[in-house]
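Colleague: Thanks for making time for this. Could you walk me through the model once I have it open?

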2 protein chains.
Amino acid sequence: MSKRVGLKDIAEALNVSITTVSRGLNNKFDISKETRKAILEKADELNYRPNAYAVSLRKNEYFTIGVIVPSVDHYFFSTVLKGIMNKAHLSNYLVLIGESTHDLNKEKEVIEQFVSHCVTGVIISPSNKSSYSNNLDILVKKRIPYIVVDRPVKESDAPCVKYDDPNGAFLAVEHLIEQGYRKIAYLKSYDYCVISNARFQGYKDALAKHNIPFNPNFVKTCHLIDQENQEEEGFFATKQLMLAVDKPDAIFAVNDDLAAGAYRLAEKLNLNIPRDLGVVGYSNSQISRHLKPQLTTVEQPGIEMGELAFDFLQQSIIGNKSKLTKTFDARLIVRDSSIRGAETKYKKQKDNKRYANSI
Amino acid sequence: MSKRVGLKDIAEALNVSITTVSRGLNNKFDISKETRKAILEKADELNYRPNAYAVSLRKNEYFTIGVIVPSVDHYFFSTVLKGIMNKAHLSNYLVLIGESTHDLNKEKEVIEQFVSHCVTGVIISPSNKSSYSNNLDILVKKRIPYIVVDRPVKESDAPCVKYDDPNGAFLAVEHLIEQGYRKIAYLKSYDYCVISNARFQGYKDALAKHNIPFNPNFVKTCHLIDQENQEEEGFFATKQLMLAVDKPDAIFAVNDDLAAGAYRLAEKLNLNIPRDLGVVGYSNSQISRHLKPQLTTVEQPGIEMGELAFDFLQQSIIGNKSKLTKTFDARLIVRDSSIRGAETKYKKQKDNKRYANSI
DNA sequence: AAAATCGACGAAAACGTTTCCGAAACAGAT
DNA sequence: ATCTGTTTCGGAAACGTTTTCGTCGATTTT
């Protein structure tokens, strides 16, 4: 069991003081070329690595950020994380990662763990339930900069990188209306889910703009436990809708997985998408391109959002007091699941054109 | 700018020594009820959090593990990460995360960063190129326990949680053979990619067992840069295969994304899957269930593998010297992309049956 | 030749904890 | 009265660094 090698070991081996060794390794000025060379060689020989804990403690600077997402294997969050890590690596930040799993207590535990570990900043995509939580206050009290991603917290003016969710939903629903759909259902998440409500607003706004009365029977709440169950929830919600007397002719789902459930039901009932049932999802997740017909969906540029979140956090860390908030413009990715009439008539977007002239 | 509150602040406020405060907070025995109560109250009032850096430095125990994966937004790795985090949270371990992006230098940087941060252990899914690397030697020299996940490193007896890749490929290819396919192509990754080679072996073994001659023209190398390009690579590789004189009648792809590219080409050429072209992928990623027809693929239980990796790491940390290695048995998930003949004849697996009796 | 400057290094304090050791205060036993 | 033991607390060292300050000898300036 070999002890960790420290400055002391190098010092003793070379018969110099610890101070000198430190100076040599950090390339300070008042040291001679020769001793410095000897120190570097010996450090290499002994495989010395500075103890970051001691360094940070002494210098009182901790190059560490904490990232909290509801779930790391959720596609969107994994892309946000990737964006953060892209930038963090460039700036030599250490990245701590924690999952809230939409559990406020766990979220709190993770935050306190991060606080104890002296993170210089936090990027958090709060749990769906966070509107009821004051977990972020912990960071405020500790004066730890943080950036909220994707889920704006109610009545908070915290720096935030978000997406124009209402408008995304608005574009989706208006697109359906323009395609001739009139009875558009909304598959939502829990009432406390901030983004679900934001999209709900866009849904209603689009209906209102086009003088289509809002029908509460066309709104179904889905219980989003994990990745796997979402499709099933979408399936059952759509089933309820389609077995009712007054059936919708289109589905707008709060995410792509629920939309996939609608696909399954359409298959069972021999409904043609988009002819009998238009479908639009949300998030542009991987499956959306692979569903058949390809699913119209709302883009969510996770990597860019993550990268910007890190940039904002760095600004906040260095004391930039300006309002660090950005709302990404919503963009609808129109694919075949919502194009009524001949698909050939529709001028496909770049997204679909990739393989167009390859054969 | 409020300073971080430490033991000293509590001590001064209460007119006791730092030692006493520490004892009070850690519930040591030699302290009176009253002072302890006062200390706890004051600590709460001042919002005290122990400085984990100081604690770890003093106690010389760092409850921290590092996780290195090629890419966090790759579905399989994100599930492995989730498995690790499930367990880590239960054991109160801090999780550091780093990406190698299949870059050996970056992988090395991350490992050294982790070493400096005194991780008590590392779980790593090495870069594809790792067979040429000795990055893991850094950990060996430092006597830091580590567990390799998914990509066994050549000629290493490091603890490892892997998947029976050759057999997975064998099952896939044998299944195709049993379905009547005879000219089976393999879409592979780079030559240095360990898993690609392992699956290649299974592919060849299955052919050999059934006396089907190996045809090198049926093997195509795809350049896997990122998530997005894989499908395109699969598309072009399949295109080359299908435009040749001697066409294959089935594709076995080293991952589901390449298989999705084969789907695209089949669509372009109006080839029916599975009738004209059987397709089998690998990894059971989300898209595999959503492709149409659903893609036959090889299961990779990322969460379970991640959880086990953490368990192994803990064993290794507490000094368990037994051989901590587990190979998950390969399991083929048969879906419609490889079933020749009427799909109704095929007794669907549980995986597909979920919605069977729901309407 | 004395004074000032300079180059190279070491001693010690500090970061925020924990822990070992000892001390003070008080009780009961002799 | 002393002795022993218990309870409760404080002093100080230690963890591995960085940094401030001082020192010592050599070189340059006056």
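Colleague: Which elements each supply at least two residues of the surface near DNA strand D?

Modeller: Happy to help, and please keep in mind that this is a predicted model. The surface near DNA strand D draws on both protein chains, and 27 residues surround the strand. Among the closest are A:R58 and B:T20. The elements that each supply at least two residues are α2 (18-25) and α4 (52-59) of chain A, together with α2 (18-25) and α4 (52-59) of chain B.

Colleague: Which element gives the most to the surface near DNA strand D?

Modeller: By class, that surface has nine nonpolar, 11 polar and seven charged residues. The element that gives the most, with four residues, is α4(A).

Colleague: What part of the atoms of DNA strand D within 4 Å of the protein belongs to sugar or phosphate?

Modeller: Let's take some individual contacts on the way. A polar side-chain atom of A:N26 lies 3.1 Å from a phosphate oxygen of DNA strand D, and an N or O atom in the side chain of B:T35 is 2.9 Å from a phosphate oxygen of that strand. B:S32 uses a polar backbone atom, 3.0 Å from a phosphate oxygen of DNA strand D. For the atoms of the strand within 4 Å of the protein, the part that belongs to sugar or phosphate is 61%.

Colleague: Turning to DNA strand C, which element gives the largest share of the surface near it?

Modeller: There are 26 residues around DNA strand C, and A:S17, A:T20, B:L7, B:S22 and B:R58 come nearest. Sugar and phosphate make up 61% of the strand's atoms that come within 4 Å of the protein. The surface has nine nonpolar, 10 polar and seven charged residues. Its largest share, four residues, comes from α4(B).

Colleague: Which residue has a polar backbone atom 3.5 Å from a base nitrogen of DNA strand C?

Modeller: Let's sort the contacts by the atoms involved. B:K28 has a side-chain N or O atom 2.9 Å from a phosphate oxygen of DNA strand C. A:D30 places a polar side-chain atom 3.0 Å from a base nitrogen of the strand. The residue with a polar backbone atom 3.5 Å from a base nitrogen is B:A54.

Colleague: How far apart are the closest N and O atoms in the salt bridge of A:R23 with A:D30?

Modeller: A:R23 has a relative accessibility of 27%, so A:R23 counts as partly exposed. A:D30 is also partly exposed, at 44%. The closest N and O atoms of their salt bridge are 3.8 Å apart.

Colleague: Which residue of chain B forms a salt bridge with A:R49?

Modeller: The closest N and O atoms of this pair are 3.2 Å apart. The pair crosses between chains, from the loop between α3 (33-45) and α4 of chain A to helix α6 (residues 104-116) of chain B. A:R49 is partly exposed at 23%, and its partner is partly exposed at 22%. That partner is B:E112.

Colleague: B:K59 and B:E61 meet in a salt bridge; is B:K59 buried or exposed?

Modeller: The two side chains are 3.9 Å apart, N to O. B:E61 counts as partly exposed, with a relative accessibility of 38%. For B:K59 the value is 53%, so B:K59 counts as exposed.

Colleague: Why is one side of β7 and of β9 in chain B left without a neighbour in the sheet?

Modeller: Four strands form an open sheet with parallel pairing, in the order β7-β6-β8-β9 of chain B. Neighbouring strands in this sheet are turned by 15 degrees against each other on average, direction ignored. One side of each of the two strands is left without a neighbour because each has a single partner strand, β7 (219-221) and β9 (278-280) standing at the edges.

Colleague: What is the bridge partner of B:Y186 in β7(B)?

Modeller: Strand β6 (residues 184-188) of chain B runs parallel to β7(B), and three bridges join them. The bridge partner of B:Y186 in β7(B) is B:V219.

Colleague: Which side chain does A:E231 join in a polar contact of 2.5 Å?

Modeller: A:E231 is found in helix α10 (residues 227-243) of chain A. Its relative accessibility is 3%, under the 20% limit, so A:E231 counts as buried. The side chain at the other end of the 2.5 Å polar contact belongs to A:R264.

Technical notes: Residues numbered from 1 in each chain as written. Chains lettered and ligands numbered in written order. Predicted model: local features only at pLDDT ≥ 70, side-chain atom pairs only at ≥ 80, totals over all residues. Heavy atoms only, no water. Near = heavy atom within 4 Å. Polar contact = N/O pair within 3.5 Å; in protein donor to acceptor, adjacent residues only side chain to side chain. Nonpolar A, V, L, I, M, F, W, Y, C, P; charged D, E, K, R; others polar. Salt bridge = Lys/Arg side-chain N within 4 Å of Asp/Glu carboxyl O. Buried < 20%, exposed > 50% of the residue type's maximum accessible area, 1.4 Å probe, protein only. Pairing = 2+ DSSP bridges. Axes fitted to C-alpha atoms, helices over the stretch in contact; angles between N-to-C directions.
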